[in-house]
Structure formats: structure tokens, C-alpha cells
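Trainee: I have a new chain to look at, and I would like to learn how to read it. Could we go through it together?

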Amino acid sequence: MATSTEVLQTKTTDLLIGALLRVPAQAIQRRLIKELNAAGFDELRLPHMAVLQFPGPDGARPGTIAERAGMSKQAINQLLSSLENYGYIVRSDGEGSARVVHATERGHAAFWKMVDILRDIEEEWRSELGPERFDQLKGLLFTVWDSPLVR
């Protein structure tokens, strides 16, 4: 069995794709929350990202949001209740007995702030990697996104 020191000394070429995708994604989510908090959306926490992540909750049913996030309906409903209490969403009756989530004005403002933060992150990554390598990275990720690999 590997010791913790040996694990830490793992070469980046030995890392599996899960870690290579997870670590940057987590860093982006932490930055989103930090900058949203600094912009006045100070109630938002990392768990809320399960609801707020693309494509967002607006117009979706709680069950759909739970499925996207890979969480139980009960867990998502707790997050939705929290976001509703903070004024980011409202839930209304949809067709039949299903409820539908709608973003409030505050929810839309948080969404557009997230878009601005993500654009800043993209520009920083483009600067760090260089335009050609960044475009290649984004193109490869889109190819995976649009493939059976993520279904």
C-alpha cells in the first residue's frame, strides 16, 4: 500500500482524468462563491452550486435539478428551500402536481455575476495557457461534452 508521501509524489502524468477535471472544477466553484459573496450574494455557499450550475434552475422541476446534480430530491429540496429563503428562487405550481423553480430578480443578478466571473476565469486561463492551447482545451472539452462519453 502506498504511503501518503508516495501518493503526494505522484507525477501529473500518472493522474487519472477524474482528478484532472475535478480539481480545476472545484477551484472554479470556490472562486465563484468567493466572488459572489464579495459582490453581495453573501448567503451563497458551495453546496448551492449543485442548484446554480449550468444550465441553472430557472424553469426546471426539482427532480430535474436533482438528476443534473446527481443528488437526491430531498437534498436538492433542502438547497432549494435555502435559496428560496434567501430570495434567489421561488417555486410555483406547474402542470399537474409538479412544482417549477423560477429565478427571482436577485437570482438572475447572481446568475449574470457568475457569467462575468466565468468570463474573467476564461481570460485568465487563456492568458496562462496561450490563446491556441486554451482554444484547443476548450474545443476538446466541448467534443467530450457533445459525445456519448458523458451520457
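Trainee: Among contacts in the chain between residues at least 6 apart in sequence, what percentage join residues at least 24 apart?

Mentor: Contact here means heavy atoms within 4.5 Å. Counting contacts between residues at least 6 apart in sequence, the share that joins residues at least 24 apart is 46%.

Trainee: Where in the chain is confidence highest?

Mentor: This is a predicted model, where local features need pLDDT of at least 70 and side-chain atom pairs count only at pLDDT 80 or more, while totals for chains, interfaces and linings use all residues. Residues are numbered from 1 along each chain as its sequence is written, and side-chain values use heavy atoms, with hydrogens and water left out. The mean pLDDT (the predictor's confidence in each residue, from 0 to 100) of the chain is 91. Confidence is lowest in helix α1, residues 4-8, at a mean of 54, and highest, at 97, in helix α6.

Trainee: In what order do the elements run from the N terminus on?

Mentor: Helices (H or I, at least four residues) and strands (E, at least two) are DSSP runs, numbered from the N terminus. The chain has seven helices and two strands. Their order is α-α-α-α-α-β-β-α-α.

Trainee: Which elements give two or more residues to the largest nonpolar core?

Mentor: A nonpolar core is a set of buried Ala, Val, Leu, Ile, Met, Phe, Trp, Tyr and Cys residues joined through side-chain atoms within 4.5 Å. The largest one has 23 residues, and Leu44, Ile65 and Tyr88 are among those with the most contacts inside it. Two or more of its residues come from each of α2, α3, α4, α5 and α6.

Trainee: Is His48 buried or exposed?

Mentor: His48 sits in the loop between α2 and α3. Leaving aside neighbours within four places in sequence, its contacts include Leu79, Leu83 and Tyr86. Buried means under 20% relative accessible area, exposed over 50%, and partly exposed in between (1.4 Å probe, protein chains only). His48 has a relative accessible area of 5%, so His48 is buried.

Trainee: And how does Thr104 count, buried or exposed?

Mentor: Thr104 is in the loop between β2 and α6. Its contacts, without neighbours up to four places away, are Gly87, Tyr88, Ile89 and Val90. Because its relative accessibility is 18%, Thr104 counts as buried.

Trainee: Which residues does Arg31 touch, not counting residues up to four places away in sequence?

Mentor: Arg31 lies in helix α2, and its relative accessibility of 23% is why Arg31 counts as partly exposed. Beyond those sequence neighbours, Arg31 touches Ile117, Asp120, Ile121 and Glu124.

Trainee: Which element gives the most to the lining of the largest pocket?

Mentor: On a 1 Å grid over the protein atoms alone, a pocket is an open set of points where a 1.4 Å probe fits, with protein on both sides within 12 Å along at least five of seven lines, and lining residues have an atom within 4 Å of a point. About 1600 Å³ of space lies in the largest pocket. Of its 30 lining residues, those closest to the centre include Ile28, Phe54 and Trp145. With nine residues, the element that gives the most to this lining is α2.

Trainee: Which residues does the cis peptide bond join?

Mentor: Most peptide bonds are trans. Here there is a cis one, with omega about 5°, and Pro55, one of its partners, is placed in the loop between α3 and α4. The two residues joined are Phe54 and Pro55.

Key:
Points joined across faces, edges and corners; volume = space filled by probe spheres on them.
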